[in-house]
Amino acid sequence: MKNHYQFAPLNIGRWLTWGLFALVLAVAPLMFGSGLAMTVLSQMGIAIIACLSYNMLLGQGGMLSFGHAVYTGLGSFLAIHALNSVASGSLPLPVSLVPLVGGLAGVGFAVLFGYVTTRKSGTTFAMITLGLGELVFALSLMIPEFFGGEGGVSGNRVTGSARLGITFGPQIQVYYLIAAYTFVAVGAMFAFTRTPLGRMLNAVRDNPERVEFVGYDTQKVRYIAFIIAGFFAGISGGLAALNFEIVTAEVVGAARSGAYLLFTFLGGATFFFGPIIGAILMVLAFVLLSEFTKAWLLYLGLIFLFMVMYAPGGIASLIMMNLRVAMYGKLRQLWVSYLALAVTALVLLLGAGAMIEMVYHLQLNTTLGSKLQFLGVPLDAKSVNSWFGAALVMLTGLGLFEVTRRQFLHEWGEIQEYIEKEIKRREAM
Amino acid sequence: MSGYALELKDLRKSFGKTEIIRGVNLAVTAGERVGIIGPNGAGKSTLFNLISGRFAPTSGEVLLNGQRIDGKKPFEINRAGLSRSFQITNIFPKLSVFENLRCGVLWSLGYKYTFLKFLADLDDANERAEELMQMIKLDKKRDVLAINLTYAEQRALEIGITIAGGANVILLDEPTAGMSRSETSRFISLIKEVTTGKTLLTVEHDMGVVFGLADKIAVVVYGEVLAFDVPEAVRANPRVQEAYLGSAVADSQAGGH
C-alpha cells in the first residue's frame, strides 16, 4: 500500500527545483550588477512573498480579498517602528529579525480583522475586505503619530551592532537578507499546501457545504489560513520597510491591494508558482514600464483585460498547458502558429501603442508641441497622416491576429483531442 | 439511553407559515437499514436536512445514540457520528478521487486543522483513503479529478466521502438518482457492501431499490410518517396503498425488479 504515495523519483525533481531556486536567488545579483538591478531584484523578493501569501487566499482558499495590502502595509509600519526602536536602543533585536516583527503584526491584524471577514465567503467576504481596507487607509491619514502623516515614517537600517561585518548598509546585503527570507517563506508556503489544513482549504474553496459534512468548520479553516497568509504578508511588509527605509500611507491603500490581486491573477492563481511570475511582472511593470511610458497603467489594464478574456488561468496555466502539449510531442506543430500570433500581436500593439502615446502626448506634453518619437518613428499627434498610419497598422494587426488566432484555436483543439484520446488509450492499457 | 441509534421526537419544521415536517416520530435501532419513501414534496429531503444539521428544526428533538443533536451545526453532527450524502452530487470537483476521500477521513483520524504535518506522512489517512478507493471500485481513477469522472463514478465517490469518516449512522439521499437500471442494481450491492454493520437511512424513489435494500420502511406523506414497519407490512398497509403506493407496490410484488 505504502509505496503508492511515496514518490521517490519525484523527490529528485523537487530537490532540483528548490536547488535551482536557491541558485537563482544567490547568483541573480552577480549577473545583473547595476544599482537598478539590485533594487529591482530586492523588490521582486518582497513581491514574491506578498503575492504568494495573497494566493493562499485567492487561489487556494477561493477568498477574493480586496484588502491584502492592509497586512503587508501594517507589517511595514510595525517593522519600521521596531527598526527605530532598535536604533534608539529600546528594543534589543538584530536588524535581520525586524521583518519577523512585520510578520507578527500581520498575524495580529489578521487575527483581529480575519475574525470578521472569514465568517463570510464569496461576495460578502470580498466586500468586507474592501471596506476594511478603506477603513485602515482612512485611519492611516487620521493617526499621523503612528502612520507619519503625508511624509510617512522613515528609519535607518544601519543600526545596532553589525554581526559578521554585516551592516545592511550596502543594497547587496539587504538583497541577500530578502533572498534568504524569500527562500524560506516560499518553501514554507509550498509546504503548507501539502498539509491537512492546506488541503481542506482547497476543499473549502471547491465545496464549502461538503466540508461541513465531513467534520470541518469552514469558517475556522478560512480563519486559520487567513492568519497564516497574514503572517507571510507581514514578513513581506517588514522586508519592504528595511529595503526602502521609509513607509508611507499608500502601502495600506486600495491601489496596492489591487496590484496584488491583479498580478497574482496574471501570474496564475491555480498553480503554486503562478504568483511568483506575477510578482516578477509586478516589479518589472512598476519599476521599468513606468519609466518607459507614462501610459503604463493603461497598457497594464489592457494586458489584464486580454488575460481575463483569453487565458483566465494566467501565465502559469499557459505554461502548464504547453508543457502538456510538449509531453505528448505536439509542441513542434504549434511553433509556426505561435510565431504568427506573436508577430501579428506585435503589429497590433505597435499601432495601438502609437495612438495611445499620441493621446498622452497631446494631453501631457502640450508645451513640447505636437511632434514625438515613438520607438524611433517620428509622429505628429496633430497630423492626420500619423493617426491614419497608426490606425491602419493597428487594424491590419487586429485583422491578421484574429485570423491567426482562429487558425491556432483550430490546431490547439485538434491537439487537445489527440491528447485526450491518448490518455484514454493509455488508461485502457 | 434510549437504545436507538437515531431517534426523532415530534420533529417539526416550518418555512414561513408552511409546515413542511409536521411532527415526525421515528426510532431506528442500531444496524437497521431504513428506506424512506413518499411522494414528491412529502418532506423526505427536508427530514434529512433537519437530521444532518443543514436546517435547524422549528421544534422537536433529534437524538443520535441518545445524545441530542438538533440545532447543532453540520460539522458537529458529523463529528458525533452521523454522515450523509446528497441528492445532487456533492463532491470536491477540482480534487482527485484520492484527495476527495482523504478529505473525508482527516477529521475522524484526529488531524483537525494541523498545518505542521505533511499529508504524505499520514500513513493511517492515506491507507484508509486507498482502502475506500478500492471499496467504491475507483482505485483505477486514483488521480483523476472528480469533475472528470462519469456520473455513476461521481455517485460512488459521493458514497465514499460519506462513509470515509467512519460514521455509524449514514443518510443517503437518493443515491441512485439519475442512474440506469443496470447501474442501479450494481450500485445497490455496492451500498450494501460498504455500509455493512452501520445504521442506514435511504431516501429512494425506486420502489425496487427500497424493497431490496431496506429492513424497514418509513412512508412519509405530507410531512408525517404514515407507516414505519418491515416491507411486507408496509405493502399490506391499506392506508399506505391508498395514500401513496398503489400500483407501485403491485408492480414490486409482481417481482418487477
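How far apart do the C-alpha centres of domain 1 of chain A and domain 2 of chain A lie? The views below address this point and others in a predicted model, in which local features need pLDDT of at least 70, side-chain atom pairs count only at pLDDT 80 or more, and totals for chains, interfaces and linings use all residues. Residues are numbered from 1 along each chain as its sequence is written, while chains are lettered from A and ligands numbered from 1 in the order in which they are written.

**View 1. The two domains of chain A.** Domain 1 covers residues 2-314 and domain 2 covers residues 328-428 of chain A, with bounds from an automatic or database domain assignment. Their C-alpha centres are separated by 33 Å. Four residues of domain 1 of chain A are in contact with four residues of domain 2 of chain A (C-beta atoms, placed from the backbone, within 7 Å).

**View 2. The contact between chains A and B.** Chain A contributes 28 residues and chain B 33 residues. On the side of chain A that touches chain B, α8 (196-206), α9 (208-212) and α10 (218-244) each provide at least two residues; helices are DSSP runs of H or I with at least four residues, numbered from the N terminus. The largest share of that side, eight residues, belongs to α8(A).

**View 3. Helix α4 of chain A.** This helix comprises 20 residues, 98-117. Its end C-alpha atoms are 28 Å apart, in agreement with the 28 Å expected at 1.5 Å a residue, where the expected span is 1.5 Å times one less than the number of residues. At A:Val111, α4(A) bends by about 30°, the angle between axes fitted to the seven residues ending there and the seven starting there.

Terms used: Two residues are in contact if their C-beta atoms, placed from the backbone, lie within 7 Å.
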